[in-house]
Amino acid sequence: MTRPLAQSQDAESGRLSARDRRGFKRVELKLTGRFLIGDHEDHVLSTADISCDGAFIVSSERPGLDEQVVCYFDEVGRVVANVVRVSPEGFAVRFHTSTHKRDKLADRLTWLLNRDKLGLEEERGEIRYSASGEAIVNLADGRQLQCSVTDISLTGAAFETAGKPPFVGERVTVGNLVGEVVRVAGNKFAVRYVHGQKPAPSN
């Protein structure tokens, strides 16, 4: 059953508040990822439905109404949101996005929705080649991940790690290259190099 994204009601009138009226079509699309409440430990999430301005998140950990959360969707990236409804199954959020990011999110959701139906593949600027070997991936918070390289190209690389992978959208460094995490699946993740950026100096 499809759950509404943002249907908090005025207790006296029973009507939806103007802030919570849904303006974008929801689609039933299951995305996995993690979310943070403030600076606390991250929690696992999956979506029951989503649009470019909100989602219903299935989780046993439920933040409070109007509380801000930071969502890291494995195939979409980082989105800041506010909780607009809480239920026994999880909670609904409204995204804080610019018009440009909302348009990009709509395009990405459309692609994901049609990926399996149409046999779509990720667009990649360069051919990737299978690789083997070890690499240290430095995360933004100073942690280091011991990884195995699974494939590589001129524009990026994919890794597998025994530890917790970084978030989609997180900046990492590999040797003297700076990259952005663009995909996470289990303990595997892919990085696209960010040209023109230099690694932060080590302390």
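Asn82 is buried in this predicted model. Its relative accessibility is 17%, and because buried means under 20% relative accessible area, Asn82 falls into that class.

Where does Asn82 sit in the fold? Asn82 belongs to strand β5, which covers residues 77-87.

Let me turn to the surroundings of this side chain. A polar atom of the Asn82 side chain lies 2.6 Å from the backbone oxygen of Asp66. Asp66 is also among the residues that Asn82 touches, once those up to four places away in sequence are set aside. The others on that list are Glu67, Gln68, Ala92, Val93, Arg94 and His96.

Ala92, Val93 and Arg94, three of these contacts, bring us to strand β6, residues 90-95. How is strand β5 arranged relative to β6? The two strands pair in the antiparallel sense, over six bridges, and they form a hairpin with two residues between them. Within this pairing, Ala81 stands opposite Phe95 of β6.

Strand β6 also has a second partner to consider. Strand β3, residues 54-58, is joined to β6 by five bridges, and these two strands likewise run antiparallel. Here Gly54 stands opposite Arg94 of β6. Arg94 is therefore a residue to note twice, because Asn82, which counts as buried at 17% relative accessibility, touches Arg94 as well.

Is strand β6 mostly covered or mostly open? Strand β6 is mostly covered, with six of its six residues buried.

To close, I return to Asn82: a buried residue in strand β5, with its side chain placed 2.6 Å from the backbone oxygen of Asp66.

Note on methods. Residues are numbered from 1 along each chain as its sequence is written. This is a predicted model: local features need pLDDT of at least 70, side-chain atom pairs count only at pLDDT 80 or more; totals for chains, interfaces and linings use all residues. Side-chain values use heavy atoms; hydrogens and water are left out. Helices (H or I, at least four residues) and strands (E, at least two) are DSSP runs, numbered from the N terminus. Buried means under 20% relative accessible area, exposed over 50%, partly exposed in between (1.4 Å probe, protein chains only). A polar contact is a pair of N or O atoms within 3.5 Å; within protein, one must be able to donate a hydrogen and the other to accept it, and residues adjacent in sequence count only if both atoms are side-chain atoms. Contact means heavy atoms within 4.5 Å. Two strands pair if DSSP finds at least two bridges between them.
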